[in-house]
Amino acid sequence: EKGGYPSFMEKEINDQPQAVGDTLLGRSDVEGRLTLDELRIDPEELKAINKIMVLACGTSAYAGQVAKYAIEHWCRIPVEVELSHEFRYRDPIVDNHTLIVAISQSGETMDTLMAVRYAKEQGAKVLAICNTNGSTIPRESDAVLYTHAGPEIAVASTKAFLAQITAAYLLGLYLAQLRGDKFQGEIKDLLTDLAKVPAKIQQVLDNSGQIKELAELMADTKSVLFLGRHVGFPVAMEGALKLKELAYIHAEGFAAGELKHGPIALIEEGQPVFVVVPSPRGRDSLHAKVVSNIQEIRARGAKTIVIAEEGDDAVKAYAEHVFYVPETPPLLAPLLTTVPLQIFACALATAKGYDVDQPRNLAKSVTVE
Ligand code: M6R
């Protein structure tokens, strides 16, 4: 059942082209219009929402952070992302014009379930993005958009994460479509780009030899930092979480822009730092800013490991190692840039002799608050 792989995690990392492909399947028509009738929320009600709050924990919350960048850009609706357990115990401002998007692979995470119940009591509409048919969170939500990643067995989430991001993009594009035809052409183009993503993930998987070798060489590392900006920020956080969970290594993700506000003090000779570099075709001067961050930390002795877009030669001069991922629109990049980080964590934990499917102290679904 591991499909010939030594662990479920490796199988699930390799399942990702299919997980994303299946999540896209049947959700748009030939004219490039989203057809999410399965949501069963009155489109008029969806048009009237003036705020989205994503509630989730762990990896699912990072999917929510990626969604924020995309949905705000496409729909011009403010999106807040909050950890379910923090949301529930403050005094959040939620009303019947708020759409709650609860993201959960298992659909059983108690923190998220309690947050959903609370939000419903306040009159909010709740839409679940979930990978498990008929689980509690979708049953208690007003609507559900299932991710079709297939069962995820390894405790560390991989394919469910990419499927959650994919589903969130579909939701964002659907809301943009409901809000007017202004972006119809753009939506169609983005759907075309999304359809190309599974083959691009496959390319990343096919070229993963080098990152596995690097992971093996780094088996004795005590601390790894991850930097990203824009959608690369949650990707950096996710890369750090994978390394903590699987390899029990101290790992921290930062927004690259935050470096000089503190974290740069951590940089000393030999400190490994992963940097998720935004596309040079992206917004404003973001790429240049991150390249200058790489220069800054390198000058202080960091060992820089860079994830960049194919053709981005500017990073080469400042990177110990560069792993390239295929070109895609900048907002969709997390579907590609996350993959080398998952592979790295899995390979490093394996090199240390750890059980990557069942890391210590963790459960696949956290059914207590
Ligand atoms: O089933 P959920 O998506 O609600 O689970 C949320 C987190 O517990 C989960 O993502 C956790 O962080 C994973 N172990 C991450 O790999």
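**Salt bridges, ligand shell and backbone in a predicted model**

Q: E44 forms a salt bridge with K47; how far apart are the closest N and O atoms of the two?
A: Happily, the definition sets the scale here: a salt bridge needs a side-chain nitrogen of Lys or Arg within 4 Å of a carboxyl oxygen of Asp or Glu. This is a predicted model, in which local features need pLDDT of at least 70 and side-chain atom pairs count only at pLDDT 80 or more, while totals for chains, interfaces and linings use all residues. Residues are numbered from 1 along each chain as its sequence is written, and side-chain values use heavy atoms, with hydrogens and water left out. For E44 and K47, the closest N and O atoms are apart by 3.4 Å.

Q: Which helix holds both E44 and K47?
A: The two residues are 3 residues apart, about one turn of the helix. Helices here are DSSP runs (H or I, at least four residues), strands are runs of E with at least two, and both are numbered from the N terminus. The helix that carries E44 and K47 spans residues 43-47 and is α3.

Q: Is K47 buried, partly exposed or exposed?
A: Buried means under 20% relative accessible area and exposed over 50%, with partly exposed in between (1.4 Å probe, protein chains only). K47 has a relative accessibility of 38%. That value is why K47 counts as partly exposed.

Q: Which residue forms a salt bridge with K364?
A: The closest N and O atoms of this pair are 2.7 Å apart. The pair links distant parts of the chain, 212 residues apart: K364 is in the segment after α13 (334-351), and its partner is in the loop between β5 (143-146) and α8. K364 is partly exposed at 27%, whereas the partner counts as buried at 6%. That partner is E152.

Q: Where in the chain is K159, the salt-bridge partner of D15?
A: D15 and K159 bring their closest N and O atoms to 3.2 Å. D15 is in the loop between α1 (8-14) and α2 (16-24), and the two residues of this pair are 144 residues apart, so the bridge links distant parts of the chain, with K159 in helix α8 (residues 159-178).

Q: Are D15 and K159 buried or exposed?
A: D15 has 17% relative accessibility and therefore counts as buried. K159 has a relative accessible area of 3%. Both residues are buried.

Q: Which residue joins D15 and K159 in a network of salt bridges?
A: The structure holds 16 salt bridges, so there is plenty to explore. D15 and K159 make one of them. The residue linked with D15 and K159 in a network is K11.

Q: How close does T109 bring an N or O atom of its side chain to an oxygen atom of the ligand?
A: The ligand has 13 residues around it, a residue being near if one of its heavy atoms lies within 4 Å. S60, S104, Q105, T109 and E245 come nearest. The distance from the T109 side chain to the ligand oxygen is 2.5 Å.

Q: Which residue puts a polar backbone atom 2.6 Å from an oxygen atom of the ligand?
A: A polar contact is a pair of N or O atoms within 3.5 Å. E245 offers a polar side-chain atom, 2.5 Å from a nitrogen atom of the ligand. The backbone atom at 2.6 Å from a ligand oxygen belongs to Q105.

Q: How much of the ligand's exposed area does the protein bury?
A: Areas come from the Shrake-Rupley method with a 1.4 Å probe. Taken alone, the ligand exposes 410 Å². The part of this that the protein buries is 91%.

Q: Which element gives the largest share of the shell around the ligand?
A: Two elements, α4 (58-75) and α11 (232-247), give two or more residues to the shell. The largest share is 3 residues, and these come from α4.

Q: What is the approximate phi of R40?
A: R40 sits in the loop between α2 and α3, and is exposed at 71% relative accessibility. Phi of R40 is positive, in a residue other than glycine, and is near 50°.

Q: Where is N361, whose phi is also positive?
A: Phi of N361 is near 65°. N361 is exposed, with a relative accessible area of 76%. Its place is in the segment after α13.

Terms used: A polar contact is a pair of N or O atoms within 3.5 Å; within protein, one must be able to donate a hydrogen and the other to accept it, and residues adjacent in sequence count only if both atoms are side-chain atoms.
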